[in-house]
Amino acid sequence: MQLTDVVAHTPGVVSRMVDGEAVLVDPKKGMVRVLNPAGARIWEMIDGRRTVAELAADIAAEYGIEALRAQADTTAFCEDLVRRDVLTVSK
Amino acid sequence: MTATSLLFSLAGLRTRLECSPTDFAADVLARFGPFIGPDDGGLPVEFTAQVTFAGAQTHISDADLQVRLAGAKCRFDTAAASGELSLATRAANFTLRSTSPVAQMEYFLRILYALLVEAHGGLMLHCAGILAPSGVHLFIGQSGSGKSTAASLSRGRGMVLNDDLVVLRPEQGRWIAHGTPFWNFETIDRDGQIASAPVAGIYTLVKDRDVLLEPLSAAAAVAALIGSCPVVNGDPGRALDLLARCRQIVRAVPVQQLHFRKDPSFWDVLETNRRLKIEDGR
């Protein structure tokens, strides 16, 4: 995954915030996942138009963390959710 | 072919089953007897199903029905069983051709009531339910997680409503658990299957050497419940409502993770936990 990639919620995945965490459901695949508060925040910010770099920049600002660390964490998070078919990526 | 009319009631929801031929109707009555009652003008009939056994065709396998769910309609479509149910018209037609028609009838009723209960604000849960003096304790989890084991270890501690499927319905601000006739183990005493009572707690199960209760986040509890709602959790059109309903349940009923071993000691932990909550005013 590159920082210039754009990520989007996979069609068919439904979500709800519950006490700061996110519950993700894909009924056709029988998938249910819980994202912790940091992951839930990234999930909320993903709108199918923003790049991984833009998401990381917002996370860095919101949580007061170093830009490089935010980029690494956000990239790893997105890669994991793409592997699990919860996010799609466009180059 | 003359149909025999049977009134099947589960969790306060009544279905008229028009079964033919007569000996098939007799087999259905024998299997589901405690849930079949007279036409006494009591509960309204919510649904009517025409079910015909067209004769056992032995070359057809008894594989599980293929079910296609779309909104208010559900289609069953295999050589062993075919038909359609519609929540909009509150009617179904179902033809059975397998060598185990009563087992196929049970499968149809499981699906029908999962949908009917959901349409009436409740949920059918894949869980074991045990009625203790403190209320009904529900043990949720996938196959092999220990639900039937927890039920079989509860002799003397409570009455088993079911070891596989329990219906939850809201009633005056509480969630009421109802037993069902849809069992997993043959050997568990079935006296509790017609019982119902308020839910005292819901537990996900972990097989362990130690016996303890661990808290679950509300999100993890919602996720566990969604994973335990057969039929409805496979329909994309129901997903948002299902999330909301599971959130409602988690707000009203404590959901925790229970580590247990293969003996009844987990009941001591549940009862101590319950006593502490009462002392704390929770």
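**Figure 1. B:Val231 is partly exposed in the loop between α4 (218-227) and α5 of chain B****.** At 26% relative accessibility, B:Val231 falls in the partly exposed class, where buried means under 20% relative accessible area, exposed means over 50% and partly exposed lies in between, for a 1.4 Å probe and protein chains only. The model is predicted, so local features need pLDDT of at least 70 and side-chain atom pairs count only at pLDDT 80 or more, whereas totals for chains, interfaces and linings use all residues. Residues are numbered from 1 along each chain as its sequence is written, chains are lettered from A and ligands numbered from 1 in the order in which they are written, and side-chain values use heavy atoms, with hydrogens and water left out. Although B:Val231 is not a glycine, its phi is positive, at about 75 degrees. Most residues other than glycine have a negative phi, and most peptide bonds are trans. Helices and strands here are DSSP runs numbered from the N terminus, a helix being H or I with at least four residues and a strand being E with at least two.

**Figure 2. Helices α4(B) and α5(B) cross obliquely****.** The axes of α4(B) and α5(B) come within 9 Å and cross at roughly 120 degrees, which makes α4(B) oblique to α5(B). Axes are lines fitted to C-alpha atoms, for helices over the stretch in contact, and angles run from 0 to 180 degrees between N-to-C directions; those under 35 degrees count as roughly parallel, over 145 as roughly antiparallel, 65 to 115 as roughly perpendicular and the rest as oblique. The crossing of α4(B) past α5(B) is right-handed, meaning that the near helix is turned clockwise from the far one by less than a right angle, where an anticlockwise turn would be left-handed. B:Ala218, B:Ala221, B:Val222, B:Leu225 and B:Ile226 of α4(B) make the contact with B:Leu242, B:Leu243, B:Cys246, B:Arg247, B:Ile249 and B:Val250 of α5(B), contact being heavy atoms within 4.5 Å. By class, this contact has 10 nonpolar, no polar and one charged residues, with Ala, Val, Leu, Ile, Met, Phe, Trp, Tyr, Cys and Pro counted as nonpolar, Asp, Glu, Lys and Arg as charged, and the others, Gly among them, as polar.

**Figure 3. B:Gln248 and B:Ala252 are both partly exposed****.** B:Gln248 is found in helix α5 of chain B and has a relative accessible area of 44%. Its C-alpha atom lies 26 Å from that of B:Pro181, with the two positions 67 residues apart in sequence terms. B:Ala252 belongs to helix α5 (residues 239-252) of chain B, and its relative accessibility is 49%. The C-alpha atoms of B:Ala252 and B:Gly122, which are 130 residues apart along the chain, are separated by 13 Å.

**Figure 4. Helix α1 (residues 22-32) of chain B meets helix α2 (residues 101-119) of chain B****.** The two axes come within 10 Å and cross at roughly 60 degrees, so that α1(B) is oblique to α2(B). The crossing of α1(B) past α2(B) is right-handed. From α1(B), B:Phe24, B:Asp27, B:Val28, B:Arg31 and B:Phe32 meet B:Pro101, B:Val102, B:Met105, B:Glu106 and B:Leu109 in α2(B), a contact with seven nonpolar, no polar and three charged residues. In the loop between β2 (13-20) and α1 of chain B lies B:Pro21, joined to B:Ser20 by a cis peptide bond with omega about 0 degrees.

**Figure 5. Aromatic residues B:Phe139, B:Tyr203, B:Phe260, B:Phe266 and B:Trp267 form one cluster****.** Rings of Phe, Tyr and Trp (its six-membered ring) pair if their centres lie within 6.5 Å, and planes under 30 degrees apart count as stacked, over 60 as edge-to-face and the rest as tilted. By this rule there are 12 aromatic pairs over all chains. The rings of B:Phe139 and B:Phe266 have their centres 5.7 Å apart and their planes at 80 degrees, so this pair is edge-to-face. It links distant parts of the chain, with B:Phe139 in strand β10 (residues 135-140) of chain B and B:Phe266 in helix α6 (residues 266-280) of chain B, 127 residues apart. Both B:Phe139 and B:Phe266 are buried.

**Figure 6. B:Gln172 is exposed and has a positive phi****.** B:Gln172 sits in the loop between β12 (165-171) and β13 (174-178) of chain B. Its phi is near 50 degrees, and its relative accessibility is 77%.
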